[in-house]
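The following paragraphs lead through the strands, the packing of helices and the relation between two chains. Please keep the sequence and the coordinates in view while reading.

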Number of protein chains: 2
Amino acid sequence: MTEHSLWRFSRAIHRAINEGQTDQLEEMLDDDVDWAIYGPIDMFAFLGARRGKQAVLEVIKQIAQAVSVHKFDRESVMLSENAASSLMRYSVTPAKASKPISVRLAHFARFEAGRLVSLRAVMDTFDLVEQTLGRQIHLPKIA
Amino acid sequence: MTEHSLWRFSRAIHRAINEGQTDQLEEMLDDDVDWAIYGPIDMFAFLGARRGKQAVLEVIKQIAQAVSVHKFDRESVMLSENAASSLMRYSVTPAKASKPISVRLAHFARFEAGRLVSLRAVMDTFDLVEQTLGRQIHLPKIA
């Protein structure tokens, strides 16, 4: 049985972020990959939508400059032949801080011929913003 | 082929939120269901972790008082025998506002014997907070 593309992709992206080695990631990205990590692009320019291999490699380079992945737990995972989704808890250390921050992220990925053609990720971005600022943002009680 | 529990659960929860009819939902919740929607509980008391059928029914009642679901699109879905994950885009109308707000939500659900035993949901909560406030929160550019 062949290894699912998710595991190769996971190794490739973490290697790219933590070691700056993008060769495996580059092999795994479809030329026309459709990519989006939803979140506040004013604070983190590497969030938002990208299209195509070069744009995604550029984003990964920006992420690698901003954070290193300290550890991650995959809390849920679903696999089908050409798709995968995971609920993950990441602990990352920002380049400009010493204290790790932790963030929950859900991703949905599609693969074709072993290459990533689509990735969508949702994060608990309010928590991410507060941890990055190192302080709470006062919110009114709505409900 | 039996209908996947996700579709019954989806109908039951939307019926509970929009029509206040919780009978179908009640049937579908395991007595010991493990539930969490991650997000700022200071602003929305119905977010956070809950345990057990009564606690989840209470949360759904609170959600029903706070919003009605205008529409939703399921952008990705993955199903296995006893589990499901979806990436969804919700358009909801808050009870205290006339303008709909839209939010992306990813959920991971597990079922046993047709009943929900676990649900985890991640939202783009910063976007949710800004739309609810009706204004932008100024953020420093970090990366």
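In chain A, β4 and strand β5 (residues 101-112) run antiparallel and are joined by 10 bridges. Strands here, like helices, are DSSP runs numbered from the N terminus (H or I and at least four residues for helices, E and at least two for strands), and two strands count as paired if DSSP finds at least two bridges between them. Within this pair, A:Ser85 stands opposite A:Phe108 of β5(A). The connection between β4(A) and β5(A) is a hairpin with six residues between the strands.

The model is a predicted one, in which local features need pLDDT of at least 70 and side-chain atom pairs count only at pLDDT 80 or more, while totals for chains, interfaces and linings use all residues. Residues are numbered from 1 along each chain as its sequence is written, and chains are lettered from A and ligands numbered from 1 in the order in which they are written.

On its other pairing, β4(A) (residues 83-94) is joined by 12 bridges to β3(A) (residues 67-80), and these two strands also run antiparallel. A:Val77 has A:Ser86 of β4(A) as its bridge partner. Two residues make up the hairpin that joins β3(A) to β4(A).

The whole sheet can be followed in chain B, where six strands form an open sheet of mixed pairing in the order β2-β1-β6-β5-β4-β3. β2 (48-51) and β3 of chain B stand at the edges with a single partner strand each, so one side of each lacks a neighbour in the sheet. From one strand to the next, the twist averages 20°. The parallel component includes β1 (residues 29-37) and β6 of chain B, which pair over five bridges; in this pair B:Trp35 has B:Leu119 as its bridge partner, and B:Leu29 has B:Leu116. β1(B) also pairs with β2(B), in the antiparallel sense and over four bridges, with B:Asp34 partnered by B:Arg51.

Two helices of chain B may be considered against this sheet. Contact here requires C-beta atoms, placed from the backbone, to lie within 7 Å; angles run from 0 to 180 degrees between N-to-C directions, with axes fitted as lines to C-alpha atoms, for helices over the stretch in contact. Helix α1 (residues 5-19) of chain B packs on the sheet and touches β3, β4, β5 and β6 of chain B, its direction making about 170° with that of β3(B). α4(B) likewise packs on the sheet, touching β4, β5 and β6 of chain B, at about 135° to the direction of β5(B).

α4(B) also takes part in the meeting of the chains. In all, 35 residues of chain B are in contact with 35 residues of chain A. Elements giving two or more residues to this side of chain B are α3 (53-66), β3, β4, β5, β6 (115-123) and α4 (125-133), and α4(B) gives the most, with five residues.

How are the two copies related? A turn of 180° with a shift of 0.0 Å along the axis lays chain B on chain A with an RMSD of 0.0 Å (least-squares superposition on C-alpha atoms of residues with pLDDT of at least 70 in both copies). That is the relation of a two-fold axis. The C-alpha of chain B nearest the axis belongs to B:Phe126, 2.1 Å from it. Of the interface residues of chain B, 100% are also interface residues in chain A, so the copies meet through the same surface.
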